[in-house]
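Got the viewer up and a selection box ready? Let's take a short walk, one pick at a time.

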Amino acid sequence: GGGLAGGGVIEGDDYAASQLTSLKDLPARILTWWYTSVVEKSDYDSTPVRVWQWLTHHLIKNELMKYFAEATDWSKRLTSVLPNEKFQELDTLVKEVKGDYGLRHTYCWHALTGYWLGVDTTSPKMQRYKPIIQYPCIAPHYDYTPGVLAAEPTMAWNPSSFIGMGIIPPNLIREFYSEMHRTLSDAHIDGVKVDAQAAITMLGAGLGGGPQITRAYVHAMEQSAKEFLSGNVISCMCHPTENLYSFRETSVARASDDFYPREPASHTVHVVNVVYNSLFLGEIVTPDWDMFQSEHPAAGLHAAARAVGGCAVYTSDRPDIHDFALLKKLVLPDGTIFRAKLPGRPTRDCLFADVATDGESALKVWNRNDVTGVLAVFNVQGYSWDRSVRQFKEPLTAPPDVVAEVFPRDVEGLVSSEDRYAVWSHAEERLFVLSRDESVKLGLRPQGWDVLTVAPCAELP
């Protein structure tokens, strides 16, 4: 087996090494090498991307669909809302994990359209919903709304472009969600993570357009989840404004791309993204800053971000591989967390600073509790995301040390009648007493961080 990328996908080069082993597979191996080495790293309007797009349309469509079918879930469609043979005893499984391990809540995953490529239009169990095939482009494969391919060129050779998405007409989608969520509720499932929400925005041709079909799907999903699952929904891949502006009941949504344990360049970029995205998303939902692994080399960076993020704390630890010393700093013995009241946001002096690549700025994030404030400072200089080639970009030189200058005024709305604030540094285990406009400077090595508690002082009678 090859290495797994996000979503259980076997990377193309790993797939080639394990599956394309005979002499007749040599052309496919060469194409795979060219794609991963050249096409993936080229600008969307470049010659390699244009050549690859032509090849996928005229010569290698069947071979590419074979890869999608064998190495990914991207070409799979939902055949039924009922548990398949792997989950025939779903209710028994949920009862056991709750009873044996004290698990309080269990969520299940589904895409907004059912599964990654929607629903199976040929499945007998789907016929009551009258499913149809829709394409995410004006015509199959090539003609996209301007800007789509600039953001994601791979849409031109995505399974949805080749064979379309199976979707349920908007007038029947509420019935579909109701059957799915009722089934999950009967199995003692408490909520759902609804993924791949952006896809529906491109599937509205002939059905009122993208905004209208998105609104119908989102509202139906929310109403069903409220009826059967107490409204427990985590939304994901939902950043188009068609999705965000349709939310009426949704209270939690992912703020970033995934946590990538095997991608060292991704971790500082992840922290930057969740912080700045929360400026906007935090006005609509509680931003979800995603999971991390407690024993990962970047675990301290991620944990510090979750401490100030005002978000839930998730871990995706492998069994028996945990850093309990780190987890105990975030989670109380009864499972509750020290969650701040607001979405974590960048301080005012960071709003227009390039904290990832200017070589000097620290990222500062603030939040509030009932009485105190919390500040986190990070050195996230070095790596960045290159939108033109859709890759993490490594710095030309080693990331520098930076200095974070921390003021009590960095915590918005925190006021001391005596203009005195006690500031406790978690990393240095030092206490500073400052006025609102006084500061303390903290040195941070690359990927370094600190979390500070800011408490307003008052004179007792």
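Select Tyr67 first: this residue is buried (under 20% relative accessible area with a 1.4 Å probe, protein chains only; exposed means over 50%), with a relative accessible area of 16%. Add Phe68, also buried, at 8%. This is a predicted model, where local features need pLDDT of at least 70 and side-chain atom pairs 80 or more, while totals for chains, interfaces and linings use all residues. Numbering starts from 1 along each chain as its sequence is written, and side-chain values use heavy atoms, with hydrogens and water left out.

Now show the rings. Tyr67 and Phe68 make a tilted aromatic pair, 5.7 Å centre to centre with 50 degrees between the planes. Pairing takes ring centres of Phe, Tyr or Trp (its six-membered ring) within 6.5 Å; planes under 30 degrees apart are stacked, over 60 edge-to-face, the rest tilted. The count by that rule is 12 pairs.

Next, pick Tyr35 and Trp157, an edge-to-face pair at 6.1 Å and 85 degrees. Tyr35 sits in helix H2 and Trp157 in the loop between H6 (148-151) and H7 (159-163), so the pair ties together parts 122 residues apart in sequence. Both residues are buried. Add Trp34 and Trp52, and you have one aromatic cluster with those two.

Finish on H2, residues 26-37; helices here are DSSP runs (H or I) of at least four residues, numbered from the N terminus. Colour Thr32, Tyr35 and Thr36, which are buried. Down the axis, the buried residues fall within an arc of 90 degrees (by directions from the axis to the C-beta atoms), so they line one face. The face turned away carries exposed Pro27 and Trp33.

Terms used: Helix = DSSP H or I, 4+ residues; strand = E, 2+ residues; numbered from the N terminus. Expected span 1.5 Å × (residues − 1).
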